[in-house]
Amino acid sequence: MADIHGSYDELFTAVPTALAALLDDGDLGGAVAVFVDGEPVVDVWGGFADAGRVRAWERDTIVNVFSVTKTMTALCALVLIDRGELDPDAPVARYWPEFAAAGKQNVLVRHLLSHTAGLPDWEGPVEEVYDWTTATARLAGQAPQWEPGTAAGYHSLTQGFLVGEVLRRITGRSVGEFFAAEVAGPLGADFHLGLGPEDDRRVALTVPPPGKDEDYAASAPGRDATPTAATTLRVRDGNSLAWRRAQIPAASGYGNARSVALVQSLLACGGTVGGVRVLSPEGCARAREVQFEGEDRVLGMPARYGLGYGLFGGALGWGGWGGALVWVDPDERLAMAYVTNQMREPAADNRGIELVMAAQDGIKGLRA
């Protein structure tokens, strides 16, 4: 069995056992954390941080979690809503006047957070996402693909720029700066939007699925996805230094399982973790307000969206390209995160859900 490092409550033994099984099955490296009542009951890691299997995955190894980053950006928006500085029912153009172009004057802030704004595709060169002004100007000039609020289509790369520019207009700070000052800093969470060179040594680069190379590209998982003109995002793009340095608030967050679970424990615990209050209980509840339920035309599968989060029964969270996952169950005051540098084909990747089920076994024992 693969060596697993870290610590865990004996009631949650199924979690490190499941991680070891994934590594034994050929995965490169990864980490899992489970927090209950804002405290870690599992914080484990194992495997390797490089494709050559030379560099061990360490306690402070961090990895790009791709779309799990969206939950961090959404949290920043929820904080501003909580403070009365952002109105989810306001037109986006109230905060970002240029956004009203091309028939978008009726797009509301809540449409951005729930993938219903009609701007799902990034249609410019990948290189433009590294420049904030260029990226947001492109999106401000685009016309919506459907009447905003009437349908959902996953805004995989665009959502972070859309929400992030609204936050910047209100606060004068980038999402990364706001998140660091108002969320990660107070909580002591090792999660970053825009990674500095001092942290490069800790990064585990993403490895494509077996048999694929770095030209492996993101794609919709469902059979009924609508064909798009979206620019292809490849593994080599996500592994680039430019990507790491840029702020792409839908997809370029770097952290470990511990930091993801710690931050998202806020939603599991009514907005306060470790004595640090970031949100009110009412602010946490907003995340679970259903904004859309039905077929996502981009993913080609059923989806249920709250304010910035996917909704799954009483739980909320989201996954990232390559396998990362955050799962929050407010009823159990539980937050679980899984991060990995090993991609699998989306249709054959159940790792995150397997680990959620393992964590739920521990909760049953804890509550017995």
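Okay, let's start with Leu241: it comes out at 47% relative accessibility, so we call it partly exposed. Keep in mind that this is a predicted model. Leu241 sits in helix α8, which covers residues 241-245. Now compare sequence and space for a moment: Ser259 is 18 residues away from Leu241 along the chain, and the C-alpha to C-alpha distance between the two is 22 Å.

Right, on to the charged side chains. How many salt bridges does the structure hold? The count is 26. I'll walk you through a few of them.

Take Asp37 and Arg333. Their side chains meet in a salt bridge, with 2.6 Å from N to O. The two residues are 296 apart in sequence, so this is a link between distant parts of the chain. Asp37 is in the loop between β2 (29-36) and β3 (39-47), while Arg333 is in the loop between β13 (325-329) and β14 (334-340). And how accessible are they? Asp37 has a relative accessible area of 40%, which makes it partly exposed. Arg333 is partly exposed as well, at 35%.

Next pair: Glu128 and Arg138. Here too the side chains form a salt bridge, at 2.6 Å, N to O. Glu128 lies in the loop between α3 (109-113) and α4 (132-141), and Arg138 is in helix α4 itself, so the bridge ties together parts 10 residues apart in sequence. Is Glu128 buried or exposed? Buried, because its relative accessibility is 17% and the cut-off for buried is under 20%. Its partner Arg138, at 30%, is partly exposed.

Then there's Glu345 with Lys212. In this salt bridge the closest N and O atoms are 3.9 Å apart, and the cut-off is within 4 Å, so the pair still counts. Where do these two sit? Glu345 is in the loop between β14 and α11 (351-367), and Lys212 is in the loop between β5 (192-193) and α7 (235-238), so parts that are 133 residues apart in sequence get tied together. On accessibility, Glu345 is partly exposed at 32%, and Lys212 is partly exposed at 43%.

One last thing to look at on the screen. Salt bridges also link up into a network here, and its members are Asp25, Asp27, Arg344, Asp349 and Arg351. If you're clicking through the model yourself, pick out those five residues and have a look at how they are linked.

That's what I had, thanks.

Note on methods
Residues numbered from 1 in each chain as written. Predicted model: local features only at pLDDT ≥ 70, side-chain atom pairs only at ≥ 80, totals over all residues. Heavy atoms only, no water. Helix = DSSP H or I, 4+ residues; strand = E, 2+ residues; numbered from the N terminus. Buried < 20%, exposed > 50% of the residue type's maximum accessible area, 1.4 Å probe, protein only.
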